[in-house]
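Here's a quick tour of a metal site and some charged pairs. Have the coordinates open while you read.

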Amino acid sequence: MQREEAWLLLRENLHNENLINHSLAVETIMRGLAERLQEDVDKFGVAGLLHDIDYDQTGDDPQRHSLVAAELLTEKGLESDIVYAVKVHNEIHGLERKSILDRALYAADPVSGFITAAALIRPDKKLAEVQMKSLKKRFKETAFARGASREQMDNCSELGLEREEFLQIALASMQKIADQLGL
Ligand SMILES: [Fe+2]
């Protein structure tokens, strides 16, 4: 599926603006990771963009989150590797992350919220001036952006990336679309 079609599908199904921004952030991070890992940039981007597409329906029901999405995406003809990555990004199902795509999506999901939080505590609330030094420091403060699982982000090691480089890729990727993210 092309990006434009994926975007329209997302807008049809997901109506929470914060989650739309989260989806855009994970999309850009996935593209950045794919570039670094010499993977399929467009495929990784679409997986990131669509991973939470069922959230309007499953926000209150984590047991169904990502399963409903996988069904919908299969129905819409998305490639099976994208469908599987979306399905396993919710670890509640206990499904194995097999591919680089699966692993990238799993690690990219929490880092989006983590970096957004790092921008929002700044006086200007902008991504542009967020520094790696502060990201590294905040990473160790468990009370900061508590919802962003450090363990999940540290799964970047499964991609052969050190935490620092992973954070750097995510930050640079989000900075590229800062305007769109309103940050
Ligand atoms: Fe997500």
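## The iron site and the salt bridges

His51 is buried, with a relative accessible area of 0%. Keep in mind that this is a predicted model.

So what does His51 do in the model, and which residues join it as protein donors of the iron ion? His51 offers its NE2 atom, His22 does likewise with NE2, and Asp52 and Asp109 each contribute an OD atom; these donors lie 2.1 to 2.2 Å from the iron ion. Along the chain, the donors are spaced as H-x28-H-D-x56-D. The two histidines link distant parts of the chain: His22 is in helix H2 and His51 in the loop between H3 and helix H4 (55-58), 29 residues apart. His22 is buried too, at a relative accessible area of 15%, which is under the 20% cut-off for that label.

How do the angles look? The four donor atoms subtend 81 to 172 degrees around the iron ion, so the arrangement comes out as irregular. A tetrahedral call would need all angles between 85 and 135 degrees, and the 81 to 172 degrees found here run outside that window.

Now for the charged pairs. Side chains of opposite charge can pair when their charged atoms come close. The count for this model is twelve salt bridges, and the table gives three of them, with the N to O distance for each.

| Basic residue | Acidic residue | N to O distance |
|---|---|---|
| Arg3 | Glu27 | 2.8 Å |
| Arg31 | Asp42 | 3.0 Å |
| Arg36 | Glu165 | 2.5 Å |

Take the salt bridge between Arg3 and Glu27. Arg3 is in helix H1 (residues 3-13) and Glu27 in helix H2 (residues 17-37), so the pair ties together parts that are 24 residues apart in sequence. Is each partner buried or exposed? Arg3 is partly exposed, at 29% relative accessibility, whereas Glu27 is buried at 7%.

Next, Arg31 and Asp42 form a salt bridge. That pair links helix H2, where Arg31 sits, to helix H3 (residues 41-50), which holds Asp42; the two residues are eleven apart. Arg31 is partly exposed, with a relative accessible area of 29%.

The salt bridge between Arg36 and Glu165 reaches along the chain from helix H2 to helix H10 (residues 163-176), with the partners 129 residues apart. Both ends count as partly exposed: Arg36 at 38% relative accessibility and Glu165 at 26%. Elsewhere, Arg97, Arg103 and Glu158 are joined into one network by salt bridges that share partners.

Terms used: Residues are numbered from 1 along each chain as its sequence is written. This is a predicted model: local features need pLDDT of at least 70, side-chain atom pairs count only at pLDDT 80 or more; totals for chains, interfaces and linings use all residues. Side-chain values use heavy atoms; hydrogens and water are left out. A salt bridge is a side-chain nitrogen of Lys or Arg within 4 Å of a carboxyl oxygen of Asp or Glu. Helices (H or I, at least four residues) and strands (E, at least two) are DSSP runs, numbered from the N terminus. Buried means under 20% relative accessible area, exposed over 50%, partly exposed in between (1.4 Å probe, protein chains only). Donors are N, O and S atoms within 2.8 Å of the metal (3.2 Å for Na, K and Ca); water is not among the atoms, so sites may look incomplete. Four donors count as tetrahedral if all angles lie between 85 and 135 degrees; four count as square planar and six as octahedral if opposite donors are over 155 degrees apart and all others between 65 and 115; anything else is irregular.
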